[in-house]
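I sat down with this model to look up one helix, its packing partner and the residues around its start. These are my entries, in the order in which I made them.

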Amino acid sequence: MNFNTKVIHGGQHHESATGSVNVPVFLTSTFAQKSPGIHSGYEYSRAANPTRQALEDSLASIENGARGLAFGSGLAAIDCVLKLLNPGDEVIAVDDLYGGTYRMFTRLFEKYQLKFTFVNFDDASKIADVITDKTKLIWVETPTNPLMKLVDIKAVVDIAKGKDILVAVDNTFATPYIQRPIDLGADIVMHSATKYLGGHSDVIAGALIAKDAELGEKLHFIQFASGGILGPHDSYLVLRGIKTLALRMQRHSDNGLAVAKYLETHPAVDKVIYPGLESHPQYALAKSQMKESGGMVSFTFKSGKKEDAIKFLEKVRVFTLAESLGGVESLANHPALMTHASIPAEKRAELGITDDLVRLSVGIEDAEDLIADLEKAFS
């Protein structure tokens, strides 16, 4: 199947008892057995639920993986990956991480004797310089949040090859419509399914997709033993969102490019960061690795003042000032005060997350209305 067909039919089957085209929401915690240990494939909903199973099969299909798993949040999915590791293992992670990921790594898992090394992945050779015999995981985020840095996934995979190191990619910003890390050799793909996969700002969810069945089974055991599963109703919402993923992501990308081009010409704007602009330092990589450029745009002010960013964000109306991203509606965010406040100020400054940085999640409204709203907010 091609992608537009996969999002609707990939891994999906009509419900066997009634022929229902849409998977029902199986609101049950347990399942009747014919005899002790003899059942229909479902015993207890923490282990498996038919609605969640339908979502997990869809996830595996659209990412070209062997096994999909659905979690109660994106962070629950990341937590599951880290539980593959043992005390003393080392993780190399891209330095420009989502704040919640950085917080989990440094404030939760470091105390369990995992070591995290944060590296600028612009030059893949820097990763090789810090690999040791204890390195067991390389954590990639591309595009990164909020600075839209890109990571050459295949180059990272080549560095890890033959070293018993897993490569995991946070594909939340791009989605499988835009890039498929498993096709480039990654072992695990992670999504905050709250964002583009769900797509309607009405669900909190996470996802993992494993490249091979053996790794998928290890992750499933951790999911089952730790209990961070996604409930059946939320599974249904994400599965419904996936069916329009291709349509939405194309619109997000078209609008994102239009907004980015507008911002590049505005006299109050200093720097616009968007992979689809030729001014992006990794534009060539974006063209080779990504089908489109997505709906995430960040920019700074020529004044460099936090006050100008705050004033702008208080005046938007079509854009909504709120955390999160990836819904059909456009959102505006101040990373330093909102999504990345958990990162120490000195670390933010080192990365370039300045106090005048604004992150936009460009929705699927008419681009003309979005640009008019931005124009009013600048005035």
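What follows are my notes on helix H2, its contact with helix H9, and two asparagines of the preceding loop.

**Ground rules.** I am reading a predicted model, in which local features need pLDDT of at least 70 and side-chain atom pairs count only at pLDDT 80 or more, while totals for chains, interfaces and linings use all residues. Residues are numbered from 1 along each chain as its sequence is written, and side-chain values use heavy atoms, with hydrogens and water left out.

**Helix H2.** I took helices as DSSP runs of H or I with at least four residues, numbered from the N terminus. H2 has 13 residues and spans 19 Å from its first C-alpha to its last, close to the expected 18 Å, the expected span being 1.5 Å times one less than the number of residues. I then looked up burial (buried is under 20% relative accessible area, exposed over 50%, partly exposed in between, with a 1.4 Å probe and protein chains only). Because 11 of its 13 residues are buried, H2 is largely enclosed by the rest of the structure; Arg-52 and Glu-56 are among the buried ones.

**Packing on H9.** H2 (residues 50-62) and H9 (residues 232-242) pack at about 35 degrees with their axes 8 Å apart; axes are lines fitted to C-alpha atoms over the stretch in contact, and angles run from 0 to 180 degrees between N-to-C directions. The H2 side of the contact (heavy atoms within 4.5 Å) includes Thr-51, Leu-55 and Ile-62, and the H9 side includes Pro-232, Tyr-236 and Leu-239. I noted that the residues of this contact divide into nine nonpolar, three polar and one charged, where Ala, Val, Leu, Ile, Met, Phe, Trp, Tyr, Cys and Pro count as nonpolar, Asp, Glu, Lys and Arg as charged, and the others, Gly among them, as polar.

**The start of H2.** Which residue caps the N-terminal end of H2? I found Asn-49, with a side-chain oxygen 2.9 Å from the backbone nitrogen of Thr-51. Asn-49 lies in the loop between helix H1 (3-9) and H2 and counts as buried, at 1% relative accessibility. Beyond its neighbours within four places in sequence, Asn-49 is in contact with Phe-26, Thr-28, Phe-31, Tyr-42 and Pro-232.

**Asn-22, for the record.** Asn-22 also sits in the loop between H1 and H2, but counts as partly exposed at 36% relative accessibility. Its side chain makes a polar contact of 2.8 Å with that of Lys-243 (N or O atoms within 3.5 Å; within protein, one able to donate a hydrogen and the other to accept it, and residues adjacent in sequence counting only if both atoms are side-chain atoms).
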